[in-house]
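Grab a coffee and work through these exercises with the model open beside you. Each one has a task, then a solution in steps.

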Amino acid sequence: MARVFNFNAGPAVLPVEALESAQKELVDFNHSGMSILEHSHRGKEYEAVHNEAIANLRSLLGIPEEYAVLFLQGGASLQFAMAPMNLLGPGQTADYVNSGAWASKAVKEAKLLGKVNVAADCAKEIPTRVPCESELKLTPGAAYVHLTSNETIAGAQWKTFPQTQPPLVADMSSDFMSRPFDVRQFGLIYAGAQKNLGPAGVCLVIVRKDLAARASEKVPTMLRYATHIDENSLYNTPPCFSVYVIALVTRWVLKMGLPNLYRQNVEKAGKLYAAIDASSFYRGTAVKECRSDMNVTWRLPSEELEDAFVKEASQAGMKGLKGHRSVGGLRASIYNAFPPAGIDALVGFMKDFEKRNG
Ligand SMILES: Cc1ncc(COP(=O)(O)O)c(C=O)c1O
């Protein structure tokens, strides 16, 4: 069966190897006579899968013992609320960097729960970007500083993270596991799985245990990080199948090597940006220094041409290139599992389309 080049922003392309393993094992998992979908989350088969996913993530990013690795539900969107519920105490202020649509949602939610200082705001700027460290107007003694490591819609990404006195909290939904980084720079990291990690339905949380312990007893049980730390994310029924696929995907990342995947990601994005820059027909929408390696965004001279581009690319087997409905334009989401051959195909198509329409 032929696979198309899938440029979807999320849910997104997954490694074929992981999909094939899931397919092979779907009916009879590990000679147990039942599917992983049918196993109890309290049984030894699922427990092994669950713990493998955690161990793989710990090994890939060198996650230290003082951090918990959690599999939660409610997506990254629930983390917009859970982070302040757990980490923002009465009378405290949290600093938020507003770099785009996703950061804005995090700000909006935090404002419902406590005092927020917007430390920098470039959410509405075009070309899109993330702020420089020197622009941040931070609050002395803030509870934490929140940023969005990669704005999936705008195609803007932090290349290095700011050094902050308070713990750094990051929404890494769309670039988690695309590059090595030092987990110790952060107090809390969260990422909806449906880009680099696995299927929708699970949100990965990495949290420093001492920070999680500070949450008020008034935070509802299910919304408290400490609950899930104490129970190894098995307080209630976890999203078993999604966690299982994370185990398969992280196995693949371990085999490929995260530094190798990162190199490949930079190369893939670099080729696309080079094609955009080589033409006056195409126009990149993010400031060059902030261009995302995961979501490449650009425009054509008119919306009619953009529509035609998306339609013809789709007919040629390149799916999901339409930009987010809130901003229009084109977006190529090229996560870890997106094959380099798909970049060459898109660059070839871009040249041909320009020749015919430029
Ligand atoms: C950066 C970022 N944050 C948050 C979200 C929301 O994630 P979820 O749909 O898992 O709630 C997304 C979804 O695309 C995202 O890209």
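**Exercise 1. Work out how helix α8 (residues 258-277) and helix α10 (residues 340-357) pack.**

Solution.
- Start with the geometry: two packed helices are described by the angle between their axes and the distance between the axes.
- For α8 and α10 the angle is about 0° and the axes are 10 Å apart. Axes here are lines fitted to C-alpha atoms, for helices over the stretch in contact, and angles run from 0 to 180 degrees between N-to-C directions. Helices (H or I, at least four residues) and strands (E, at least two) are DSSP runs, numbered from the N terminus.
- So α8 and α10 are roughly parallel to each other. The cut-offs: under 35 degrees is roughly parallel, over 145 roughly antiparallel, 65 to 115 roughly perpendicular, and the rest oblique.
- Next, find who touches whom, with contact meaning heavy atoms within 4.5 Å. From α8 come Q264, K268, K271, L272, A275 and I276, and from α10 come P340, I343, D344, L346, V347 and M350.
- Sort them by class and you get 8 nonpolar, 1 polar and 3 charged residues. Ala, Val, Leu, Ile, Met, Phe, Trp, Tyr, Cys and Pro count as nonpolar, Asp, Glu, Lys and Arg as charged, and the others, Gly among them, as polar.

A word on ground rules: residues are numbered from 1 along each chain as its sequence is written, and side-chain values use heavy atoms, with hydrogens and water left out. The model is predicted, so local features need pLDDT of at least 70 and side-chain atom pairs count only at pLDDT 80 or more, while totals for chains, interfaces and linings use all residues.

**Exercise 2. Determine the handedness of the crossing of α3 and α4, then that of α2 and α7.**

Solution.
- The axes of α3 (residues 75-87) and α4 (residues 101-113) come within 8 Å and cross at roughly 40°. That makes α3 oblique to α4.
- This crossing of α3 and α4 is right-handed. A crossing is left-handed if the near helix is turned anticlockwise from the far one by less than a right angle, and right-handed if clockwise.
- On the α3 side you'll find F80, A81, P84 and M85, which meet W102, K105, A106, E109, A110 and L113 in α4. The tally for this contact is 8 nonpolar, no polar and 2 charged residues.
- Now take α2 and α7 (residues 240-256), whose axes come within 8 Å and cross at roughly 40°. The α2 and α7 pair is therefore oblique.
- The α2 and α7 crossing is left-handed. Among the residues in contact are Y46, H50 and L57 of α2 and Y244, R251 and L254 of α7. The contact of α2 with α7 divides into 12 nonpolar, 4 polar and 2 charged residues.

**Exercise 3. Which residues are around the ligand, and how far from ligand atoms are the polar side-chain atoms of S77, D171 and Q194?**

Solution.
- Pick residues with a heavy atom within 4 Å of the ligand: G75, A76, S77, F80, W102, N150, T152, D171, S173, S174, Q194 and K195.
- An N or O atom in the S77 side chain is 2.6 Å from a ligand oxygen.
- For D171, a side-chain N or O atom is 2.6 Å from a ligand nitrogen.
- Q194 has a polar side-chain atom 3.0 Å from a ligand oxygen.

**Exercise 4. Find the backbone oddities at P11, P127 and N30.**

Solution.
- Recall that most residues other than glycine have a negative phi, and most peptide bonds are trans.
- G10 and P11 are joined by a cis peptide bond, omega about -5°; P11 sits in the loop between β1 (5-6) and α1 (16-25).
- Another cis bond runs from I126 to P127, with omega near 0°. The loop between β4 (115-121) and β5 (145-148) holds P127.
- N30 has a positive phi, near 50°, and lies in the loop between α1 and α2 (44-61).

Terms used:
A polar contact is a pair of N or O atoms within 3.5 Å; within protein, one must be able to donate a hydrogen and the other to accept it, and residues adjacent in sequence count only if both atoms are side-chain atoms.
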